[in-house]
Amino acid sequence: MYTVTDPDKYIVEADFSQAEAVIVAYLIGDEILIEAFSKRLDIHKLTASRMFGIIIDNVTPEQREIGKTIRHATNYSLGAGGLADQLKCSTAEAKRHLDAFHCMCPQLRRWHTKIQEELIRSRSLTTPLGRTHRFLGRVGDAQTCAETYRSAYSFLPQSTIGELLNMSLVLFYHRYGYEYDLLLQLHDAIYVDNVSEDKILDCKARLLECMTHELIIGGRKCVIDVDFKYGKSWDKMEKLK
């Protein structure tokens, strides 16, 4: 694992919190999920509690894992067979989980249908940041064109987060690149290298400043939270409050 060369220095990680799930929640207009994000609740426990009809405090680790897996899988329309492979359960059980999820979150399938209709009409989708992508795969029947549609479902949140991260990276470099060493970006996160202990909180503040962006999605403001970690090596990072 990567380790700082100076034993007195640290790596600081700034990670967009549950970024894709936040974007999807705003895109589909899931008011319960949007409120949960604003309160920084455990989204996966909330999903499981609603699926299984139990209070959130009674959700077991196993149920939370089911909620987490299904939340990610359904955003991009994974079927019962694929979900069964991930959950290591039967296809019939996976289908029951999917039915329970879509019963408590019907907005997601309506959003998928809306995207299918848009691709049939124009073959294009535009992100909340105004970036348009044209899809050249087959469109039409949902079953035979599933690959194209899954790509379209993932494009909107993933492209939005990727662009937000790049915007943040460039902003941080231009404002504070003379002071801090950017290491890399990875998934939803930015890493800064060789930060002295007395500069950790300052580095966190600068990263938060550059990673706070206000998006307008569905006519409402959306700001994605940022989580922080620090450590001397990648495999031993601790939460930074």
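Start with Trp111, which is buried in this predicted model, at 8% relative accessibility. The cut-off for that label is under 20% relative accessible area, so Trp111 qualifies at 8%. Its ring partner is Tyr153, and with ring centres 6.3 Å apart and planes at 40°, the pair counts as tilted. Tyr153 is buried too, at 2% relative accessibility. If you trace the backbone, you'll find Trp111 in helix H7 (residues 107–122) and Tyr153 in helix H8 (residues 146–176), so this pair ties together distant parts of the chain, 42 residues apart.

How many aromatic pairs turn up in a search of the whole structure? The search finds 7. Another one to look at is Tyr10 with Tyr230, again tilted, with 5.7 Å from centre to centre and 50° between the planes. Here the link spans 220 residues, from Tyr10 in strand E1 (residues 9–16) to Tyr230 in strand E8. Is Tyr10 buried or exposed? Tyr10 is buried, with a relative accessible area of 14%, whereas Tyr230 is partly exposed at 22%. The line between those two labels is drawn at 20%, so Tyr10 at 14% and Tyr230 at 22% end up with separate labels. Tyr10 has a charged neighbour as well: the charged end of Lys232 sits over its ring, 3.8 Å from the centre. Elsewhere among the aromatics, ring pairs join Tyr2, Tyr191 and Trp234 into a cluster.

Now follow strand E1 itself. Of its 8 residues, 6 are buried, so the rest of the structure largely encloses E1. Which strands does E1 pair with? One partner is strand E5 (residues 189–196), running antiparallel over 6 bridges; within that pairing, Ala14 has Ile190 as its bridge partner in E5. E1 also pairs with E8, antiparallel and over 6 bridges, and there you can pick out Asp15 standing opposite Asp227 of E8. E8 is also the strand that carries Tyr230, the ring partner of Tyr10 in E1.

From E8, carry on along the chain to Lys236. Where does Lys236 lie? You'll find it in the loop between strand E8 (226–231) and strand E9 (238–239). Lys236 is exposed, with a relative accessible area of 61%; the label needs over 50%, so Lys236 gets it at 61%. Leaving aside residues up to four places away in sequence, Lys236 touches Tyr230 and Gly231, which brings us back to Tyr230, the partly exposed ring in E8. As for Asp42, Lys236 is 194 residues from it in sequence and 23 Å away in space, C-alpha to C-alpha.

Definitions and conventions. Residues numbered from 1 in each chain as written. Predicted model: local features only at pLDDT ≥ 70, side-chain atom pairs only at ≥ 80, totals over all residues. Heavy atoms only, no water. Helix = DSSP H or I, 4+ residues; strand = E, 2+ residues; numbered from the N terminus. Buried < 20%, exposed > 50% of the residue type's maximum accessible area, 1.4 Å probe, protein only. Contact = heavy atoms within 4.5 Å. Phe/Tyr/Trp six-rings, centres within 6.5 Å; stacked < 30°, edge-to-face > 60°. Lys NZ or Arg CZ within 6 Å of the ring centre and 35° of its normal. Pairing = 2+ DSSP bridges.
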